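I opened the model to look up a few residues and then the sheet. My notes follow in the order in which I checked things.

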Amino acid sequence: MNLSLINKNALVGGGSKGIGFASAVELALLGANVTLMARSLSDLERAIAALDTAKGQQHDYLCVDYSEPDTLKTTVEAYCLSKNIHILVNNTGGPAGGAAHLASIGEYLSAF
């Protein structure tokens, strides 16, 4: 099975720590160009430096805060106009467990 992600671009929310970072590491190991999103510039810089580049990938980051949805939307939309995104890992603190489509925007934002 070919799991190569060479020349694929991944956008990873909450990508500087935890599940988001673990996802980013695996995507990079498979050859993807990874763009991390998180709110801490220093955490993003540390995380980017730790990603594999053995397959010639170009990794990047967006310093964004999910608790500011209008700014987040504007930033991500502008970024997506400049780069095709093939993979999205939409990882945030999120609401309590349950059906995601039944949670309110406020429940998603309260995790911050």
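**Entry 1: Leu5.** I looked up whether Leu5 is buried or exposed. Leu5 has a relative accessible area of 19%, so it is buried, the cut-off being under 20%. I note that this is a predicted model. Leu5 belongs to the segment before strand 1. Which residues does Leu5 contact, leaving aside its neighbours within four places in sequence? I listed Leu27, Leu30, Gly31, Ala32 and Ile87. I also took a distance to Ala99: the two C-alpha atoms are 30 Å apart, and 94 residues separate Leu5 from Ala99 in sequence.

**Entry 2: Asn7.** I stayed in the segment before strand 1, where Asn7 is also placed. Asn7 has a relative accessible area of 63%, which is over 50%, so I wrote it down as exposed. I then read its backbone angle: phi of Asn7 is near 70°, a positive value in a residue other than glycine. I had marked this angle because most residues other than glycine have a negative phi.

**Entry 3: strand 1.** Strand 1 covers residues 9-13. How many of its residues are buried? Five of the five are, so strand 1 is largely enclosed by the rest of the structure. I checked the two faces separately. Asn9, Leu11 and Gly13 are buried on one side, and Ala10 and Val12 are buried on the other.

**Entry 4: the sheet.** I traced an open sheet of four strands in the order 3-2-1-4, with parallel pairing. Which strands are at the edges? They are strand 3, residues 60-63, and strand 4, residues 87-89, and each pairs on one side only. I also noted the twist: neighbouring strands of this sheet are turned by 15° against each other on average, direction ignored. As a reminder to myself, strands of a sheet pair through backbone hydrogen bonds, either parallel or antiparallel.

**Entry 5: strand partners.** I went through the pairs in turn.

- Strand 1 and strand 4 run parallel and are joined by three bridges. Ala10 is opposite Ile87, and Leu11 has Leu88 as its bridge partner.
- Strand 1 and strand 2 are parallel too, with five bridges. Val12 faces Leu36 across this pair, and Gly13 has Met37 as its bridge partner.
- Strand 2 and strand 3 pair in the parallel sense over four bridges. Here Met37 stands opposite Leu62.

Ile87 thus came up in two entries: as a contact of Leu5 and as the residue opposite Ala10. Met37 has a partner in strand 1, Gly13, and stands opposite Leu62 in strand 3.

**Entry 6: strand 2.** I repeated the burial check on strand 2, and six of its six residues are buried. Asn33, Thr35 and Met37 point one way, while Val34, Leu36 and Ala38 point the other way.

**Entry 7: crossovers.** How does the chain get from strand 2 to strand 3? The chain crosses through helix 2, and this β-α-β crossover is right-handed.

**Entry 8: helices on the sheet.** Helix 2, residues 41-50, packs on the sheet and touches strand 2 and strand 3. The direction of helix 2 makes about 170° with that of strand 3. Helix 3, residues 69-82, lies across strand 1, strand 2 and strand 3. I noted an angle of about 155° between helix 3 and strand 3.

**Entry 9: Ser16 and its surroundings.** Ser16 lies in the loop between strand 1 and helix 1. Its relative accessible area is 6%, so Ser16 is buried. What does Ser16 touch, not counting residues up to four places away in sequence? I found Phe21, Ala38, Asp43, Leu44, Arg46 and Ala47. Two of these contacts, Phe21 and Arg46, turned up again when I looked at rings. The charged end of Arg46 sits over the ring of Phe21, 5.6 Å from its centre. I also searched for aromatic pairs and the count was zero.

**Entry 10: Gly18.** My last residue was Gly18, which is in helix 1. Gly18 has a relative accessible area of 55%, so it is exposed. I took one more distance, from Gly18 to Gly31: they are 13 residues apart along the chain, and their C-alpha atoms are separated by 20 Å.

Conventions. Residues numbered from 1 in each chain as written. Predicted model: local features only at pLDDT ≥ 70, side-chain atom pairs only at ≥ 80, totals over all residues. Heavy atoms only, no water. Pairing = 2+ DSSP bridges. Helix = DSSP H or I, 4+ residues; strand = E, 2+ residues; numbered from the N terminus. Axes fitted to C-alpha atoms, helices over the stretch in contact; angles between N-to-C directions. Contact = heavy atoms within 4.5 Å. Buried < 20%, exposed > 50% of the residue type's maximum accessible area, 1.4 Å probe, protein only. Phe/Tyr/Trp six-rings, centres within 6.5 Å; stacked < 30°, edge-to-face > 60°. Lys NZ or Arg CZ within 6 Å of the ring centre and 35° of its normal. Right-handed = clockwise from strand over helix to strand, strands pointing away.
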